[in-house]
Amino acid sequence: MARQPILEFWYEFASTYSYLAAMRIEAAAAEAGVAIRWRPFLVGPLFASQGWTTSPFNLYAAKGKNMWRDVEREAARLGLPPVTRPAQFPQNSLSAVRVAILGQDQDWLVPFSKAVFTASFAEGRSIAEPAAVAEILDSLGLDGTQTVRAAAAEANKTKLRVSVEEARSRGIYGAPTFLAVDGELFWGNDRLDQALAWATGDRPKGLR
């Protein structure tokens, strides 16, 4: 029996396009017959290495204005709630990412990740404070206070740093990014379908 193809989904909670991808990747992957490995990480250190102190959508006003309109269109097309911009963009996602790193091998990682994205971009709530992250965990039936505390332990902080360096070493420069097992990289929500096709071996003629 052939092994199910796998696609890695590298995402950042502060990323609007990661939000869109997170809310549709499960259904798209199931239809394509691809297993998804959810890989939370921080994109800020990668931006810093490119000389950016904030999101490029803030650095370039026209780009940012079009991005928000594009995200609104895509959310409507996907049947998601209207986009509500958080008061601060990009949000400080450190506490949420630490929790996601802690939960990488747990069955609550995906519902937690989707709940964080929903809080930020569908409800316009802050996800920056540990208390806000704990509240999301509580809503999923988890012990929010204890989980946030465990996520802040030094061992888990090290895991997060390792994930950022892994992203850097594999050529990732933004979020969302999709990586096939052969290392083929697809960047952006609009490349999800191509990434899934590549993972299954359905590739453009002339490319291997």
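Colleague: What volume does the largest pocket have?
Modeller: In this predicted model, the largest pocket has a volume of about 700 Å³. Of the 32 residues that line the largest pocket, Phe47, Ser55, Pro56, Phe57 and Ala175 are the closest to its centre.

Colleague: And which helices supply at least two residues of that lining?
Modeller: Helix H1 (16-32), helix H2 (44-49), helix H3 (56-59) and helix H4 (61-77) each do so. Sorted by class, the lining of the largest pocket holds 15 nonpolar, 12 polar and 5 charged residues.

Colleague: Switching to rings, how many aromatic pairs are there in the whole structure?
Modeller: The search finds 16 aromatic pairs. In one of them, phenylalanine 13 and phenylalanine 117 are tilted, at 5.1 Å centre to centre with 55° between the planes. That pair links distant parts of the chain, since phenylalanine 13 is in the loop between strand S1 (6-11) and H1, while phenylalanine 117 belongs to helix H6 (residues 109-122), 104 residues apart.

Colleague: Is phenylalanine 13 buried or exposed?
Modeller: Phenylalanine 13 is buried, with a relative accessible area of 1%, and phenylalanine 117 also counts as buried, at 0% relative accessibility.

Colleague: Which ring does tyrosine 19 pair with?
Modeller: Tyrosine 19 forms a tilted aromatic pair with phenylalanine 121, 5.5 Å centre to centre and 35° between the planes. Here tyrosine 19 in helix H1 is linked to phenylalanine 121 in helix H6, 102 residues apart.

Colleague: Back to the core, which residues have the most contacts inside the largest one?
Modeller: The largest nonpolar core has 62 residues, and those with the most contacts inside it are Leu7, Phe13, Phe112 and Phe178. Beyond its neighbours within four places in sequence, phenylalanine 13 is in contact with residues including Ala96, Val97, Phe112, Val116 and Ile127.

Definitions and conventions: Residues numbered from 1 in each chain as written. Predicted model: local features only at pLDDT ≥ 70, side-chain atom pairs only at ≥ 80, totals over all residues. Heavy atoms only, no water. Core = buried A, V, L, I, M, F, W, Y, C linked by side-chain atoms within 4.5 Å. Buried < 20%, exposed > 50% of the residue type's maximum accessible area, 1.4 Å probe, protein only. Contact = heavy atoms within 4.5 Å. 1 Å grid on protein atoms, 1.4 Å probe; cavity = no way out; pocket = protein on both sides within 12 Å on 5 of 7 lines; lining within 4 Å. Points joined across faces, edges and corners; volume = space filled by probe spheres on them. Helix = DSSP H or I, 4+ residues; strand = E, 2+ residues; numbered from the N terminus. Nonpolar A, V, L, I, M, F, W, Y, C, P; charged D, E, K, R; others polar. Phe/Tyr/Trp six-rings, centres within 6.5 Å; stacked < 30°, edge-to-face > 60°.
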